[in-house]
Amino acid sequence: MYTIFVEHHEKNDATSYYVEIIKSAIKRHTNDVKETSNINDVGRNDIVIVITVKTFFLVWSRNRKQKLFIWFQGVLPEENLMMFNGLKKYFKYAYNRILEKLALHYSTKIFFVSESMHMHYKKVYGYKGNKHFIMPCFNQELEEQYFNNQKYLQPTFVYAGNLAKWQCIDKTLKLFSLIKQSIPDAKITFLTKEKDKAIKLAEQYDIYDLEVKYVPYTELNREMSKYKYGFLLRENTVVNNVATPTKMNSYLACGVIPIFSEVIGDFREVLKDIKYKIPVLTFEDCIKNLKEIENNRIESFEILKEYKKIFATYYSSEFYIYKIADFINLQ
């Protein structure tokens, strides 16, 4: 029996999608798979799939012979250093370093979200195993109907998400204010619940025409598809180096050209041969690349053709279901 043990607070759209892919891979060979949030439902002979080091330890400490698969969503100790203050952050850092090391050593199979994450664990813990599989975080398939010539005629920009500091909202607004100086008819929209906060932040950068909308998750792709460019900026930290934010998946799925920080290691590699992208090394280079795109007419089929290459493998649930079924060696 395969048991996917995910506690209620661990569930969201991204984790649910990831777990469903793993479950579908298992079902290619057996229907003996269940999902639970109650550890008492975990049998001693089950092969257990978990998505946090905490739940890994809960299961492993009850039965050290349990076969365990773990998905590492991020580098938790380094996240703790960013999230907390004082002694608390060092305690959490040390505690989760121990849990990560245990999980890497005692797990039967491991899922990483990026090659950068694999290299991080190799460097920090000396992980040298071959029991891992790499699949990025994503939860959207390509929406071909959202690729149309009309939306590429105007320099419209979008940011989708909350206004947490780590989302680099100030950096996003600063960059857009410079873009506006070079491209006066540029327009920006924030898709967020935090309307008043967004407007106040924008005014600090002399942006007084910011449009702020909140749309339900079910309507987000339809709304996002109206825009030409999407912002995804991050600081150069270990947490961001190893991440694969789902925002990139959402933008590309809707035909939105990403303006992104190349500090996200795997995106730099995955998008290296893609023309319709704007990496941000410096603001000056970003604006130069942006103006180059703006000075040329875009045909939507060209962008669709490029992005299809990414969704054929990197963002393909069917591709991963097939590969994971082989990886976990179900016969």
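User: Let's start with strand S10, residues 229-232. Which way do its residues point, and are they buried or exposed?
Analyst: This is a predicted model, and in it Tyr229 and Phe231 point one way from S10, while Gly230 and Leu232 point the other way. All four are buried.

User: Why that back-and-forth?
Analyst: In a regular strand, side chains alternate between the two faces of the sheet.

User: Ok. How many bridges join S10 to S11?
Analyst: Four, and S10 and S11 (residues 257-261) run parallel. One facing pair there is Phe231 with Ile259 in S11.

User: And what about S7, how many bridges does it share with S10?
Analyst: S7 (residues 156-160) pairs with S10 over two bridges, also in the parallel sense. Opposite Tyr229 of S10 you'll find Phe157.

User: What's the strand order in the sheet that holds S10?
Analyst: It goes S9-S8-S7-S10-S11-S12, six strands in an open sheet with parallel pairing. S9 and S12 (278-280) are at the edges with a single partner strand each, so one side of each has no neighbour in the sheet.

User: How many degrees are neighbouring strands turned against each other there?
Analyst: On average 25 degrees, with direction ignored.

User: Which strands does H6 touch on that sheet?
Analyst: H6 packs on it and touches S7, S8, S10, S11 and S12. The direction of H6 makes about 160 degrees with that of S8.

User: While we're at S8, how many bridges does it have to S9?
Analyst: Three bridges join S8 (residues 187-191) to S9, and the two run parallel. Phe190 has Val212 in S9 as its bridge partner.

User: Switching to backbone angles. What's the phi of Cys168?
Analyst: Positive, about 60 degrees, although Cys168 is not a glycine. Cys168 sits in the loop between S7 and H6 (169-182).

User: Is Cys168 buried or exposed?
Analyst: Its relative accessibility is 4%, so Cys168 counts as buried.

User: And Asp206, what's its phi?
Analyst: Asp206 has a positive phi of about 60 degrees, and it isn't a glycine either. Asp206 lies in the loop between H7 (195-203) and S9 (211-213).

User: Buried or exposed, for Asp206?
Analyst: Exposed, with a relative accessible area of 58%.

User: Now the other sheet. What's the strand order in the one with S1?
Analyst: S2-S1-S3-S4-S5-S6, an open sheet of six strands with parallel pairing. S2 (33-36) and S6 (132-134) are its edge strands, and each pairs on one side only. The average turn between neighbouring strands of this sheet is 20 degrees, direction ignored.

User: Which strands does H1 touch there?
Analyst: H1 (residues 13-27) packs on this sheet and touches S1 (2-5), S2, S3, S4 and S5 (109-112). Its direction makes about 160 degrees with that of S2.

User: How many bridges between S3 and S4?
Analyst: Four, in the parallel sense, between S3 (residues 47-50) and S4 (residues 67-71). The bridge partner of Ile49 in S4 is Phe69.

User: On to helix pairs. What numbers do I want for two packed helices?
Analyst: The angle between their axes and the distance between the axes.

User: So what are those for H2 and H4?
Analyst: The axes of H2 (residues 53-62) and H4 (residues 86-106) come within 9 Å and cross at roughly 65 degrees. That crossing is left-handed.

User: Which residues make the contact between H2 and H4?
Analyst: From H2, Val53, Lys54, Phe56, Phe57 and Trp60; from H4, Asn96, Leu99, Glu100, Leu102, Ala103 and Tyr106. By class, the contact has eight nonpolar, one polar and two charged residues.

User: Same deal for H10 and H13, what's the angle and how far apart are the axes?
Analyst: H10 (residues 246-253) and H13 (residues 300-312) pack at an angle of about 135 degrees, with axes 10 Å apart. They are therefore oblique to each other, and their crossing is left-handed.

User: Which residues make that contact, and what classes are they?
Analyst: Asn249, Leu252 and Ala253 of H10 meet Tyr307, Ile310 and Phe311 of H13. For this contact of H10 with H13 the classes are five nonpolar, one polar and no charged residues.

Terms used
Residues are numbered from 1 along each chain as its sequence is written. This is a predicted model: local features need pLDDT of at least 70, side-chain atom pairs count only at pLDDT 80 or more; totals for chains, interfaces and linings use all residues. Side-chain values use heavy atoms; hydrogens and water are left out. Axes are lines fitted to C-alpha atoms, for helices over the stretch in contact, and angles run from 0 to 180 degrees between N-to-C directions. Angles under 35 degrees count as roughly parallel, over 145 as roughly antiparallel, 65 to 115 as roughly perpendicular and the rest as oblique. A crossing is left-handed if the near helix is turned anticlockwise from the far one by less than a right angle, and right-handed if clockwise. Contact means heavy atoms within 4.5 Å. Ala, Val, Leu, Ile, Met, Phe, Trp, Tyr, Cys and Pro count as nonpolar, Asp, Glu, Lys and Arg as charged, and the others, Gly among them, as polar. Buried means under 20% relative accessible area, exposed over 50%, partly exposed in between (1.4 Å probe, protein chains only). Two strands pair if DSSP finds at least two bridges between them.
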